[in-house]
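Here's a quick tour of a few local features worth pulling up in your viewer. Have the sequence and the coordinates open side by side.

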Amino acid sequence: RGKETGGGAVALLDRGYGRFLQRSRRLSRDTENKKATPESRARAQGDGTSMKAENKETADALVAARLKGREILVTGGAGYIGSVLTIPLLDAGYDVTCLDLLLYGTQAFVLPFLGNPKYRFIYGDIRDQIALEAALRLTRHVVLLAGLVGDPITQKYPEEAHEVNDIGVQTFIDFLGGRGLDRVVFVSTCSNYGLIDTNRLADET
């Protein structure tokens, strides 16, 4: 089952590889320059998911949410885990912001939430500081799910996997520093352990 899922993800990534690679190179240059390009800034400011259309009433509501500590950012929130996690978070009264690049064509996963006033979707990459600034506004808790997941993808696209899963995640975590967050939850998979002999348990020590 894992191989089937991984293979399907690779096929989806293959279809959008050109767009992904172009974006990765642009974001890498932005990171090296330690500033966003005018293009990415204009895209973030002009995007319908940005904060530009937020009126005073909505802003006040977000401030109230922060004071209550109920604002959560889920990176990769449109994925098969993030979309499932969103349901109990909303049911528990949390305000959920989803940051996702929709690399795997999972737009349908967020559709059920878009009419919920406690749900906010931002199209973006964890390496894009402009998107991060918008996503982290008033956030108190972060759940990190974004990344290229599974052995098939990381083996076929090792450079991109390194940029996203290693450099991107570390840069994102560093970016969270000094923001007064209450909790950061990092979630990963058993793929971290690699191939293990049959009947042998992973040894954390």
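Start with a ring: phenylalanine 113 is buried, at a relative accessible area of 9%. Keep in mind that this is a predicted model. Tyrosine 119 is buried too, at 8%. These two form an aromatic pair with a tilted arrangement, and the structure holds one such pair. Elsewhere, a charge meets a ring: arginine 70 lies over the face of tyrosine 94.

| Ring contact | Distance |
|---|---|
| Phenylalanine 113 and tyrosine 119 | 5.2 Å centre to centre |
| Arginine 70 and tyrosine 94 | 3.9 Å from the ring centre |

The planes of the aromatic pair sit 40 degrees apart.

Now for helix H5, residues 82–91. Its buried residues are Gly82, Ser83, Thr86, Leu89 and Leu90. They cover an arc of only 110 degrees around the axis, so they end up on the same side of H5. That fits the general picture: an α-helix has 3.6 residues a turn, so residues three or four places apart point the same way. What covers the buried residues of H5? Strand S1 (71–75), strand S2 (95–100), helix H6 (107–110) and strand S3 (119–123) are included in that cover. On the face turned away from the buried side, you'll find the exposed residues Val84 and Asp91. After H5 comes glycine 93, with a positive phi near 95 degrees.

Helix H9 covers residues 158–175 and spans 24 Å from first C-alpha to last, close to the 26 Å expected. Where does H9 bend? At glycine 168, by about 35 degrees. Glycine 168 is also buried, and other buried residues of H9 include Val164, Val169 and Phe172.

Definitions and conventions
Residues numbered from 1 in each chain as written. Predicted model: local features only at pLDDT ≥ 70, side-chain atom pairs only at ≥ 80, totals over all residues. Heavy atoms only, no water. Helix = DSSP H or I, 4+ residues; strand = E, 2+ residues; numbered from the N terminus. Expected span 1.5 Å × (residues − 1). Bend = angle between axes of the 7 residues up to and from the residue. Buried < 20%, exposed > 50% of the residue type's maximum accessible area, 1.4 Å probe, protein only. Phe/Tyr/Trp six-rings, centres within 6.5 Å; stacked < 30°, edge-to-face > 60°. Lys NZ or Arg CZ within 6 Å of the ring centre and 35° of its normal. Arc of directions from axis to C-beta. Contact = heavy atoms within 4.5 Å.
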